[in-house]
Structure formats: C-alpha cells, structure tokens
Number of protein chains: 2
Amino acid sequence: MIQDDKNAAITIHDVAAHAGVSTATVSRALNNSRPMSDELRNQVLVSVQALGYRVNLLGRALRLRRTFSLGLVVPDLENPFFSALAQRVSRAFIDSDIDVFIYSADNDIELERRAIQAFLGRQVDGLVLIPCSEIESKDNVLLADRTVSTVQFDRLVLSVPTRYVGCDNGHGMNLVAEHLKKNVDLQRQPPIFIGAGPASSSGHQRLSAFKKAMPEAKTLLGSFSFEWGQNAAHELVDQGITSGAIATAADVIALGVIAGVQERGYRVPEDFRVVGFDDVGVSFLAHPALTSVRQPVDKMTATIVEMVMNSATGVDNVANQAKTIFKPDLIVRQSSPLRKV
Amino acid sequence: MIQDDKNAAITIHDVAAHAGVSTATVSRALNNSRPMSDELRNQVLVSVQALGYRVNLLGRALRLRRTFSLGLVVPDLENPFFSALAQRVSRAFIDSDIDVFIYSADNDIELERRAIQAFLGRQVDGLVLIPCSEIESKDNVLLADRTVSTVQFDRLVLSVPTRYVGCDNGHGMNLVAEHLKKNVDLQRQPPIFIGAGPASSSGHQRLSAFKKAMPEAKTLLGSFSFEWGQNAAHELVDQGITSGAIATAADVIALGVIAGVQERGYRVPEDFRVVGFDDVGVSFLAHPALTSVRQPVDKMTATIVEMVMNSATGVDNVANQAKTIFKPDLIVRQSSPLRKV
DNA sequence: TAGAACTTGGTAAAGGTTTACCGAGCCCTA
DNA sequence: TAGGGCTCGGTAAACCTTTACCAAGTTCTA
C-alpha cells in the first residue's frame, strides 16, 4: 500500500540544510521575526524556492497555539440565503490573515455538532455559527462557546450568552406593515402573512412582530422554502382569495408565493402585492422584482470581523456577550410598488 | 492583553495524570489501538469525561501525517448551483470519518490560490476543486495536484492531468437538440442557444456540442447568470423574435430567459420553449417548471468519495488520472413539454 | 584597551499526539 | 524450576514549527 504522499514533504530542516544555516534562521527569514542581513535572507529564500518549501501550518499552529482560521457553520448550503451569507462572511475576512472554512450542517443537529467538533479539534481561533434551531442547537452552541470565541449570526440561541450579530426583525416587519398600510387598500381584504414556524429565532421573531403590527392579519406558517410559499399561495386562491397584500418571512417564500399565484392565473402586483424579507441570496431571481426588507449584510459581516479580530487579540472581554442588532431597510420594488395599482 | 483561551486546554497528559496511567494508555483507550482490560479503559474514560478532554487534532495529525480532512474549493457560493454542489459533496462524505471543509474562491483566481494554499498548508488528505477558469486556474490546479491527491469536479482544466468527475455535456446537448427537433416546430424560427463564454470548460463544451447538433442555431454568449439570460431574452424580443425554442447552458440562465420573455409579455411554453441545464440548485425556483438536463449528482459525488478514499489508502495509483464522465438525462417539464403546444 | 552594548547565528525546548520498543509479570510446559 | 510465550503498562522518539536563551563576534566609548 503506497501512500501517495506525492513528494515526501519538505521541512524546514531540509531548507536549513540546503541553505547551510539553522532552522531558526530559516524561520526568522520567512517570518521577519528578527532583523537580519539581506544577504542571509536571500540565501534562505533561494533555498525555499529551490526546494519548493511550504510551511506546515499544523506544526506552526501547535507551537503558536493559534491557527489563523475561523470556522463557519451554516444550517444548509442548498438554501441560497445561507450560502450567500456564507460567501459574504468569507469575503469580509479577505483582507485579514484569517482563513474562513465553511461546514454545512445539512439541517441536522447531529451534523451541526460534528461540524463544531471538527473545528474545535482543529483549534480554530473562532467560530461563527448560524444555528439550525433556536432550541435544539443549544447544546451545540454551548459546546462551542465553552471552548472558543464564538459569535452567533443571523439566528440566535438566546439561552447561550454568546455574542450575536443579526438584524432587527421587529423593525423590519414594522416597515412592511407601514408600507402595506400606506400603499394597499386593506379594506377589501386584510393582509396575509406567510411565515415559517417558530423553530428558528428569525421565524419566531418575524411572525410575532408582524402579528403585533397587524393583528388583523391572517397567518399561515410553514418552512423557509419555495415549496411552502407556493403551496400557501395555492391554498389562498383555492379558498377564494384572489387579491390582497401578502407579507412573507423570507424572500424564498415570497418567490414561491409569486409562482403560486401566477400558476393560478393571478398577477403580481396587479392582483397580489408580495413583500419578501432578507434581500439576500435569491431576491435577484424574483420576477417581478421583489419588494423586500434588506438586511445590511456588509455592516453585519464587518461587525463579525471586528468581533473575531478583537477577541483573538483579547482586547474586549467587556462586551463579550454583546448583541449587535442592525436596523434593516425596506427596498420597494415592483412586486409591491409605492402607489396603489 | 488577555488571551481568552477560555479554559487553558486539557491535554492527554492531564488525563493520564488524573487517571494515574501513562499517556500511552490514554491514547490506546481512546483509539482502541491495542486490546486492554475493560477496567482500565473505563478508568481512563471516566477521567476523560471528568476533565472534558477533547483530542487536539493538530497534534494527532502531525504524528499520524493524516488529517482526516478534505478541502473543497468552489468558484462562487453565491451561485446556487455551486453551493448546491458543495452541499452534495459534503453530504456524500457523511458516513466516512473525513470532514469536508469548503472554501469559496469568489470567482477570483488569486483567492482560489489562497484557498488551495490554506488547505495544503493544513495538510488536507485530499482536494476537490471546481476550478474558476479553464485557463487561468491552471497554475492553481497544478499546485494542488503536485502536493496532494486532487480531483477536479464539474469543471475541468484539461491541461493538468488529475482525476476528474463530471458529466457528458455533449451528450446532454444532444438530448436537448433531439427533444427540440421532435417537439417544436423549428421551421418558423430556428432554435436559439443562450450560453456562457468558453472560459469555463462547461461553458465551452456545451456551446460547441449544441452548435454541432444544431448548426442552424443562433447563439448568444454571456455569463452563467440570471441577468445574462434576462438581457438576452430582452434582446431577442426587441429584435422581433417572439416565439421559438431556446436552449441554455445552465438553469440559472434559463430562469433569466423565462423572466425576460415574460417581462416583455410573452409566455412560456406557449410562445417560447425554454430548456435549462444542470437541474441542480435553482431549477426548483423555475416557473413554469423547467425542462432541464439532469446531472446525476449522487453518482458523481459517490465517485468522488470512492476516489478520495482509495487514494487515501493508496490503492489505485493506476487510474490516477482517470476521468469519470457520467451521462446526464433530459427531464421534461412544463417549460418545454413533449407535444407541440 | 577593557568592557559595554549591540548584532547575529545556533541550540534546544515546547506545543499535543501516537506507537515502536522495552520490560515486568504471569502461565505453562518440559 | 528454567525459560518460552503471553499480556499489558510505560518510556521516549518523532511529527514540524517557533523562539527563549546562549554564545560569539563586532563596534564603540571611556
């Protein structure tokens, strides 16, 4: 059984031997950890080139007790909203010396735990979690937080006191309610909310905020999925509701709603106004363009970067449990325009 | 500057001391690497529990020269097609002892290189790459392949002789051509192909296969994006083309095309037939449901698993450059149904 | 010119594992 | 009872780095 280790890995010792210096010198040349003559440094770098040496980050991490890496655990990459968030988080770290590794929990609490264990065992410097469930993920988040600097993102397990970055779902829903009151005739037909169950904090918060802002609303609850929006729309039409204002808990639901009402022969925005939430990941696929609550993702990811970098250098134990909540905006587009159609 | 290392990491030595045994015994108890009395094993496990010990995978990897990890580099997670593929690859490894870590290159050759370096430095056991570009990614793929067991997936840099798993784009396009010939009246209006430029191997292959199968087709080339499909559709309509058959190089383009023609007041499938390619990631968002070439993703990811596991155990240096190409199927749905509408 | 102050290179320990090898104790047989 | 063949625990080396400390050489000052 031949290990195809390719070429049996060059170490710093090989470089040192090739350059005729000690390993300390090689390390110092590569890391600029102490001033040295240009001549000597070049001598080392030439050998590095010649041998094609690449530092073994495992050895370095062991010694430094630091890996320059961050783990990002997302509930489900097949959901374009989460994959977009993942991308944006990675991108936010591009100017840092930290590598972001993504692990998908595939909507499975067990797998979420495995992801966290995988990262913890590999000694990541920090962990960013979008927990699968507001309740069932508790132990997982706890495990993470006990071991390493942890930030929850987008979704929150409130019972574990970690830092958190998210958006003000209540404010977002208020904007939606205001918009509908101003621009839709709600006399004929009270507004309808098509949401997700309260298993995740976002589903939970958006639902209760909308109910509070528009107590007269009819609410239908399902999951954060296209199919659910589609089914709910069919259901409405089949019940004889053929126009009105529909708010949703997420863009992906709104897309389903639009498809669903169109399949039944109704039009958006002429018959139904539809409003989404998130404006991340899938909203660009909507037709007509989707009025949606936009989360300020860039600000949010920038905050995550700040939190991670600070806790890596241990600056800020003060605000270690701080929740940073951003106010979202309403972006008005064709699916629910400003004037009454 | 306080390192908030939480609780300063329990090592195997702490466990050994607590249990009153040597580190060798602890390691053997945890890894079952040599038979031992149940009594002793329990004694060790109790201490492990009591201290909350978790193995440091860095130390282990250093010693074992194996990390039980796989790096997956994708071009762009904001593209739902790639994020779905990433999810599916991870999922395929769920029953193995290997953890899959995902890194997004954000469509940037430099970042793709950084991703590969990050994985190589961390000594992953294997690398799965979906290269950004057929040409510009060459050096990156080469770097990977020189160092570790590498598989290219979906897209191919042919000039680097690595293993590859993909689908037969030519065959897929032949199926599309056949379908259109049988079910659409192409006399009135020759078929139209809305594709992507030849920078990626999939764009390239799909284009040339379709042109070969239907030389009379009009072709428009852009990018793998919704916007491009939308713009291309507008362009067609604005040129006075108001019906016909449209094949595309990807579902995400097809979605854009559907949206585009609908925006101009035409219907799918009554006016335009639209066919996608991939049937992964976004096709479920299409309305009407999208006729598409389905890649057999499960078979493909299973093959990747096999390749990675084999090369990890060094079984198969023979087929080390094997290209495994799967035949896709055509899934007929409403956007281009079987009978002439 | 003695020696302080600085520069610059090397030695070796430490970081957390796993495991080859050793040795001690036991049972069994000749 | 000598010693062969077990079982089972421990010691220490190795995996690859970085860096505290040391030592030697140089420059400068008093």
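This is a short tour of a predicted model, stop by stop.

**Before you start**

Residues are numbered from 1 along each chain as its sequence is written, and chains are lettered from A and ligands numbered from 1 in the order in which they are written. Because the model is predicted, local features need pLDDT of at least 70 and side-chain atom pairs count only at pLDDT 80 or more, while totals for chains, interfaces and linings use all residues.

Helices (H or I, at least four residues) and strands (E, at least two) are DSSP runs, numbered from the N terminus.

**Stop 1: the sheet of chain A**

Select β7, β6, β8, β9, β10 and β12 of chain A, in that order. These six strands form an open sheet with mixed pairing. Two strands pair if DSSP finds at least two bridges between them. Which strands lie at the edges? They are β7 (218-222) and β12 (329-331) of chain A, and each pairs on one side only. From one strand to the next, the twist averages 20 degrees.

Now pick β9 (residues 272-278) and β10 (residues 291-294) of chain A. They run parallel and are joined by four bridges. Find V275(A): T291(A) in β10(A) stands opposite.

Add helix α11 (residues 251-263) of chain A, which packs on the sheet. Helix α11 touches β6 (192-196), β8 (244-248), β9 and β10 of chain A. Two residues are in contact if their C-beta atoms, placed from the backbone, lie within 7 Å. The direction of α11 makes about 160 degrees with that of β9(A). Axes are lines fitted to C-alpha atoms, for helices over the stretch in contact, and angles run from 0 to 180 degrees between N-to-C directions.

**Stop 2: the sheet of chain B**

Move to chain B. Here an open sheet of six strands has the order β7-β6-β8-β9-β10-β12, with mixed pairing. Select β6 (residues 192-196) and β7 of chain B. They pair in the parallel sense over five bridges. G195(B) faces L221(B) in β7(B), standing opposite.

**Stop 3: two helices of chain B**

Select α1 (residues 12-19) and α2 of chain B. They pack at an angle of about 100 degrees, with axes 8 Å apart. That makes α1(B) roughly perpendicular to α2(B), because angles of 65 to 115 degrees count as such (under 35 is roughly parallel, over 145 roughly antiparallel, the rest oblique). Show I12(B), H13(B), V15(B), A16(B) and A19(B) in α1(B); they meet T23(B), V26(B) and S27(B) in α2(B).

**Stop 4: where the chains meet**

The contact takes 51 residues from chain B and 51 residues from chain A. Which element gives the most to chain B's side? It is α5(B), with seven residues.

**Stop 5: the DNA**

Show DNA strand D and the 28 residues around it. A residue is near a strand if its C-beta atom, placed from the backbone, lies within 6 Å of it. I12(A), A24(A), S27(A), N56(A) and G59(A) come nearest to strand D. Helix α2(A) gives the largest share of this surface, six residues.

Switch to DNA strand C, which has 29 residues around it. S22(A), I12(B), S27(B), N56(B) and G59(B) come nearest. Select α2 and α4 of chain A, then α2 and α4 of chain B: these elements give two or more residues to the surface near strand C. The most comes from α2(B), with six residues.
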